[in-house]
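Good morning, everyone, and thank you for making time for this. Please have the sequence and the picture in view, and we will go through them together, slowly.

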Amino acid sequence: MTWDWQYVQQIMPSLMIGIWYTILVTIASSAIALVGGLLLAILESVSTTLGRTFVRFWLEFFRGVPVLVLLYFSFYVLPEIGVTMPALPIGIGVLGIVYAAFCSEVYRGSLITIPGELRDACVALNLSRFAMWQRVLIPLMVTRSIPALLNYVLSLFRLTAWLFAIGVPVLMFQADVVAEQSYRYLEPYTLTGLIYVAMNLPFLYVLYRFKVRHA
C-alpha cells in the first residue's frame with residue numbers, strides 16, 4: 001500500500017471535526033476532574049468519620065472500575081431504567097468523574113504536606129475556618145498539585161479516544177469512520193497517531209517549564 005496525498009486531503013475535514021470534539025471533551029472533562037477532585041479532597045478532610053468513609057467508598061469505586069465499563073454501563077444500561085442521555089455528555093461526565101477521584105488523591109496528598117504550624121498561625125491570626133481554606137490551604141494545595149494534575153489532564157486527553165466506543169465523534173472515531181468507508185487504513189490511523197503526538201506537545205512543554213521553574 002502506498003501513501004495517497006489526495007486521499008489525505010479528502011479525509012482531513014473529517015479528522016478536523018474529530019480534533020474539535022477531542023479538544024472539547026478534554027477541556028470539559030478536565031474542568032470536572034480538577035474542580036470535583038478539589039471539592040472531594042476538602043469534603044473528605046472536613047467530614048466526620050462516617051462522611052470520610054462515604055467519600056472514600058466512592059473514590060475507590062470510580063478508581064477501581066475501568067473507564068470502558070462505566071461508559072458502556074452509562075450508555076447502554078441506564079436507558080433501560082429510564083435515564084437517557086446523548087453520548088457526548090456521558091463521555092465527558094464519566095471521564096470527569098473518574099479523574100476527579102484521581103485528582104482528589106493528589107490534592108489530599110498536597111494537603112497532608114502542609115505543616116500543621118500553618119493552621120496554628122491562621123488560628124492565631126483569628127482567621128475563620130472558611131478564610132483559612134480560601135486564602136491559605138486551597139492555594140497551597142493547588143500550587144503543589146500542578147505537576148501531577150497536568151499529567152492527569154494529559155491522560156484524560158489520551159483517554160478521549162475511548163469515547164469512540166459509544167459513538168462520540170472524537171478523533172479516533174472519525175479516523176475509524178473514514179477508514180471503514182474507504183477500506184484504506186494507512187493514512188487515517190497514521191495521521192491520527194501523529195495528530196495525537198502533536199497535540200501532546202503543548203502539555204509536555206507546560207509541564208517542562210513548570211518543573212524547570214520549581215526545580
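Let me begin with a question: what pattern does the protein chain follow when it is read along the sequence? Read in that direction, the pattern is α-α-α-α-α-α-α-α, and the count that goes with it is eight helices and zero strands. Please keep in mind throughout that what you see is a predicted model.

Now to the overall dimensions, where the C-alpha trace of the protein chain spans about 70 × 50 × 20 Å along its principal axes. The chain has 215 residues, and 38% of them count as buried. Turning to the outside, the accessible surface comes to about 12200 Å², and carbon and sulfur atoms account for 69% of that area. As for charge, the chain carries 13 positive and 10 negative charges, and the mean positions of these two groups lie 15 Å apart.

How much of the contact in this chain comes from residues 24 or more positions apart? If we take the contacts with a separation of 6 or more, residues 24 or more positions apart account for 80% of them.

To make that concrete, let us look at one residue, Y99, which you will find in helix α4, the helix that runs over residues 87-113. Is Y99 buried or exposed? Y99 is buried, because its relative accessible area is 10%, and the cut-off for buried is under 20%. Once we leave aside the neighbours within four places in sequence, Y99 is in contact with A33, Y152, S155, L156 and L159. There is also a distance to note here, since Y99 and L149 are 50 residues apart in sequence, while their C-alpha atoms are 9.8 Å apart in space.

Finally, let us turn to empty space inside the model. How many cavities of 30 Å³ or more does a search of the whole structure find? The search finds one, and the volume of the largest cavity is about 30 Å³. The residues that line this cavity are L150, L154, F203, L204 and L207. Two helices, α6 (129-159) and α8 (186-213), each supply at least two residues of that lining, and the largest share, three residues, comes from α8.

So that you have one picture to take away, please look once more at the eight helices, then at Y99 in α4, and then at the cavity lining, to which α6 and α8 each give at least two residues.

How values were computed: Residues numbered from 1 in each chain as written. Predicted model: local features only at pLDDT ≥ 70, side-chain atom pairs only at ≥ 80, totals over all residues. Heavy atoms only, no water. Helix = DSSP H or I, 4+ residues; strand = E, 2+ residues; numbered from the N terminus. Buried < 20%, exposed > 50% of the residue type's maximum accessible area, 1.4 Å probe, protein only. Contact = heavy atoms within 4.5 Å. Areas by Shrake-Rupley, 256 points an atom, 1.4 Å probe, with all protein chains shown as cover. Lys, Arg positive; Asp, Glu negative; His and termini not counted. Charge placed at Lys NZ, Arg CZ, Asp CG, Glu CD. 1 Å grid on protein atoms, 1.4 Å probe; cavity = no way out; pocket = protein on both sides within 12 Å on 5 of 7 lines; lining within 4 Å. Points joined across faces, edges and corners; volume = space filled by probe spheres on them.
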